[in-house]
Amino acid sequence: MNLLVNILIILLALFIIKIIIIYIFFRHEINSALARDPAAKSRLEVLLLYQGLHALINYRIAHAFYKMHLFFIARFISQIARHFTGIEIHPGAVIGKGFFIDHGMGVVIGETAVIGDNVLLYQGATLGGTGLEKGKRHPTIGNNVVIGAGAKVLGNITVGDNSYIGANAVVIKDVPANSTVVGVPGRITRQDGKKIDVSLDHIHTLDPIMQSIEELERRIRELEKK
């Protein structure tokens, strides 16, 4: 009986040490989740229950093996993480600090993708390639970028800092900083050259097609008045 109690105490101690280590190394990501997800109630909840964070933890471990050219081990870890979280992050991708995947199911991040700091991805987002060429074939995402649910950012393109990719948009061309992209294929709308607030919700993005239609309607009204 005493042996069982001692084993349980040791396991509990190891678990607590593990939690502390994860918090130390991933505090930026945990704080990012708290800041961007109103459903998050505590750091402990994020640390234990958020699959986006778990996928990122496994990615960091896999990425370390990838840099050591232990590619099979790296992919093995990433596939285990994919099985348990529904999020596939290739160990060759480069990801900055403060990265947060909200909900996360169906997110795919390709091998040569580069992601800056404080980036937010919603469920179903894809950072993918468009061909069979070797080398850089996935997107580069700047700092403070928001990529909406189901959005596809494809190819060796760059999304500038502080930009917002609307839900289900398909982006295949470079996006300047401080821009909003909506539609299929993605069309760029600047928001007065101002930084886009990361709390911007999906229904308040500017639609460039509607802006063009409204501009045409305005011109028609002006012509009818003459």
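Trainee: Why does R60 count as partly exposed in this predicted model?
Mentor: R60 has a relative accessibility of 26%. Buried requires under 20% and exposed requires over 50%. A value of 26% falls in between, so R60 is partly exposed.

Trainee: What makes E29 buried?
Mentor: The relative accessibility of E29 is 5%. That is under the 20% limit, so E29 counts as buried.

Trainee: How do you know that E29 and R60 form a salt bridge?
Mentor: The N to O distance between their side chains is 3.8 Å. The cut-off is 4 Å between a side-chain nitrogen of Lys or Arg and a carboxyl oxygen of Asp or Glu. At 3.8 Å the Arg and Glu pair is within that limit, so it is a salt bridge.

Trainee: Why can this pair be said to tie parts of the chain together?
Mentor: E29 belongs to helix α2 (residues 27–36) and R60 to helix α4 (residues 51–67). The two parts are 31 residues apart in sequence, so the pair links them.

Trainee: How many salt bridges are there in the whole structure?
Mentor: The search finds six. One of them joins the side chains of E88 and R82, at 2.9 Å from N to O. Both partners are partly exposed: E88 has a relative accessible area of 24%, and R82 one of 40%.

Trainee: What makes R218 and E215 a salt bridge, and where do they lie?
Mentor: Their closest N and O atoms are 2.4 Å apart, which is within 4 Å, so the pair qualifies. The two residues are three apart in helix α6 (residues 208–225), so about one helical turn separates them. R218, at 32%, counts as partly exposed, and E215, at 29%, does too. Shared partners join E215, R218, R219 and E222 into one network of salt bridges.

Trainee: Now the loops. Why is H138 called buried?
Mentor: H138 has a relative accessible area of 8%. Since 8% is under 20%, H138 is buried because it meets that limit. The residue is in the loop between β7 (126–128) and β8 (140–141). Leaving out residues up to four places away in sequence, H138 touches a list of residues that includes G110, T112, L127, G155 and I157.

Trainee: What makes the pair H138 and T112 a polar contact?
Mentor: Their side chains come to 2.7 Å. The limit for N or O atoms is 3.5 Å, and 2.7 Å is within it, so the distance test is met.

Trainee: Is D174 buried, partly exposed or exposed, and how do you know?
Mentor: D174 has a relative accessible area of 49%. That is not over 50% and not under 20%, so D174 is partly exposed. D174 lies in the loop between β13 (170–171) and β14 (179–182).

Trainee: Which residues does D174 touch, and what does its side chain meet at T158?
Mentor: Not counting residues up to four places away in sequence, D174 touches I157, T158 and I188. A polar atom of the D174 side chain lies 2.8 Å from the backbone nitrogen of T158.

Trainee: What makes the lining of the largest cavity eight nonpolar, one polar and one charged?
Mentor: The lining is E29, A33, V46, Y50, G52, L53, L56, F99, F100 and I101. Glu counts as charged and Gly as polar, so E29 is the charged residue and G52 the polar one. The volume of this cavity is about 50 Å³. Helix α4 gives the most to the lining, with three residues.

Trainee: Which residues line the second largest cavity, and how do they divide by class?
Mentor: A55, N58, Y59, S78, A81, I87 and I89 line it. They divide into five nonpolar, two polar and no charged. Asn and Ser are not on the nonpolar or charged lists, so N58 and S78 are the polar pair. The volume is about 40 Å³.

Trainee: What is the volume of the largest pocket, and which residues line it?
Mentor: The volume is about 200 Å³. The lining includes F15, K18, L47, H54 and N58. Helices α1 (2–25), α3 (43–49) and α4 each supply at least two lining residues.

Definitions and conventions: Residues are numbered from 1 along each chain as its sequence is written. This is a predicted model: local features need pLDDT of at least 70, side-chain atom pairs count only at pLDDT 80 or more; totals for chains, interfaces and linings use all residues. Side-chain values use heavy atoms; hydrogens and water are left out. Helices (H or I, at least four residues) and strands (E, at least two) are DSSP runs, numbered from the N terminus. Buried means under 20% relative accessible area, exposed over 50%, partly exposed in between (1.4 Å probe, protein chains only). A polar contact is a pair of N or O atoms within 3.5 Å; within protein, one must be able to donate a hydrogen and the other to accept it, and residues adjacent in sequence count only if both atoms are side-chain atoms. Contact means heavy atoms within 4.5 Å. On a 1 Å grid over the protein atoms alone, a cavity is a set of points where a 1.4 Å probe fits but cannot get out, and a pocket is an open set with protein on both sides within 12 Å along at least five of seven lines; lining residues have an atom within 4 Å of a point. Grid points are joined across faces, edges and corners, and a volume is the space filled by probe spheres set on the points.
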